[in-house]
Amino acid sequence: QYLPREVDGELDVAIADALEESGRWIVIAVGSSKVGKSRALFEALCRRGDHAGIRFVAPVDYDALEMLLSPGELPELGRTGNVLWLDDLEPFVNQGMTAQTLERWHERFGPCVVAGTYGGKGNTLIASSAGGDLGTIASEIRQRAREVHLGATSESEIDPLRASLPKDALASIERHGLAAYLVAGPE
């Protein structure tokens, strides 16, 4: 079950604008690790399920993305409603992805959405790059994107859970955020 976030409306508009080509076609959920960036962005894309023929393409790494762009290796996609899902942009940038790579995708499969997250666990890859080259590439991609910033789950977002959770679980969620609590669940 998805717990609605305060940024849902902003994400919905960003996705709609990208699909309708009335806004930027790169949409990035930005925030620190374990704040729910991936889930909120994915849910926004799913809410656009009424959009005819929406298709997700989620390469596992940059080499897989490049293969999708190679002649003879093109996936069976239409010309509208394609979503390139790049959860954690930083590893893709670290492996060689640039804004030009995304431009090639858009030219081939647009109108489309490039949906990604930034600022989580892969952020140290960018920060530690030699000479800041990766930071420059990541910055160029982010400048072309519509960014939606997420923080830890707010008190008002947690309110619907209060009656159904034990006090110790609620205290942990309030301290660390719901996404961090769920990730730590197995521990």
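Two strands pair if DSSP finds at least two bridges between them, and this rule underlies the first views of this predicted model.

**View 1. The whole chain contains 10 helices and five strands.**
Of the 187 residues in this predicted protein, 45% are buried. Among the contacts with a separation of 6 or more positions, 81% are made by residues that stand 24 or more positions apart.

**View 2. The five strands form an open sheet with parallel pairing.**
Read across the sheet, the strands follow the order E2-E3-E4-E1-E5. Because E2 and E5 stand at the edges and each has a single partner strand, one side of each is left without a neighbour in the sheet. On average, and with direction ignored, neighbouring strands of this sheet are turned by 20 degrees against each other.

**View 3. Strand E3, made of residues 82–86, is mostly covered.**
Five of the five residues in E3 are buried. On one side of the strand lie Asn-82, Leu-84 and Leu-86, on the other lie Val-83 and Trp-85, and since all of them are buried, both faces of E3 are covered. Strand E2, which spans residues 55–57, runs parallel to E3 and is joined to it by three bridges. Within this pairing, Arg-55 has Asn-82 as its bridge partner, while Phe-56 has Val-83. Strand E4, residues 112–118, is also parallel to E3, and five bridges join the two. Asn-82 can be followed into this second pairing, where the residue opposite is Cys-112 in E4.

**View 4. Strand E1, residues 26–30, pairs with both E4 and E5.**
Which residues of E1 lie on each of its two covered faces? Ile-26, Ile-28 and Val-30 are on one side, Val-27 and Ala-29 are on the other, and all of these residues are buried. The strand as a whole is described as mostly covered, with five of its five residues buried. The pairing of E1 with E4 is parallel and has five bridges, and in it Ile-26 stands opposite Val-114. The pairing of E1 with E5, a strand of residues 146–149, is parallel as well and has four bridges; here Val-27 stands opposite Arg-146. Helix H1, residues 8–19, lies across E1, E4 and E5, and runs at about 165 degrees to E5.

**View 5. The largest nonpolar core has 46 residues.**
Leu-41, Met-97, Leu-102 and Trp-105 are the residues with the most contacts inside this core. If neighbours within four places in sequence are left aside, Leu-102 is in contact with Trp-25, Ile-26, Leu-84, Leu-86, Met-97, Val-114 and Ile-141. Another core, of five residues, lies apart from the largest one, and among its members are Ile-158, Leu-170, Ile-173 and Leu-178.

**View 6. Helix H3, residues 62–69, crosses helix H5, residues 99–109.**
Two packed helices are described by the angle between their axes and by the distance between the axes. For H3 and H5, the axes come within 10 Å and cross at roughly 40 degrees, and the crossing is left-handed. From H3, the contact is made by Tyr-62, Leu-65, Glu-66, Leu-68 and Leu-69, and from H5 by Thr-101, Arg-104, Trp-105, Arg-108 and Phe-109. Sorted by class, the residues in this contact are six nonpolar, one polar and three charged. Trp-105 of H5, which takes part in this contact, is also one of the residues with the most contacts inside the largest nonpolar core.

**View 7. Arg-48 sits in the loop between helix H2 (37–47) and strand E2.**
Is Arg-48 buried or exposed? Buried means under 20% relative accessible area, and at 17% relative accessibility Arg-48 therefore counts as buried. Apart from neighbours within four places in sequence, Arg-48 is in contact with Ile-15, Ala-16, Leu-19, Glu-20 and Ile-54. Although Arg-48 and Gly-81 are 33 residues apart along the chain, their C-alpha atoms are separated by 9.7 Å.

How values were computed:
Residues are numbered from 1 along each chain as its sequence is written. This is a predicted model: local features need pLDDT of at least 70, side-chain atom pairs count only at pLDDT 80 or more; totals for chains, interfaces and linings use all residues. Side-chain values use heavy atoms; hydrogens and water are left out. Buried means under 20% relative accessible area, exposed over 50%, partly exposed in between (1.4 Å probe, protein chains only). A nonpolar core is a set of buried Ala, Val, Leu, Ile, Met, Phe, Trp, Tyr and Cys residues joined through side-chain atoms within 4.5 Å. Contact means heavy atoms within 4.5 Å. Axes are lines fitted to C-alpha atoms, for helices over the stretch in contact, and angles run from 0 to 180 degrees between N-to-C directions. A crossing is left-handed if the near helix is turned anticlockwise from the far one by less than a right angle, and right-handed if clockwise. Ala, Val, Leu, Ile, Met, Phe, Trp, Tyr, Cys and Pro count as nonpolar, Asp, Glu, Lys and Arg as charged, and the others, Gly among them, as polar.
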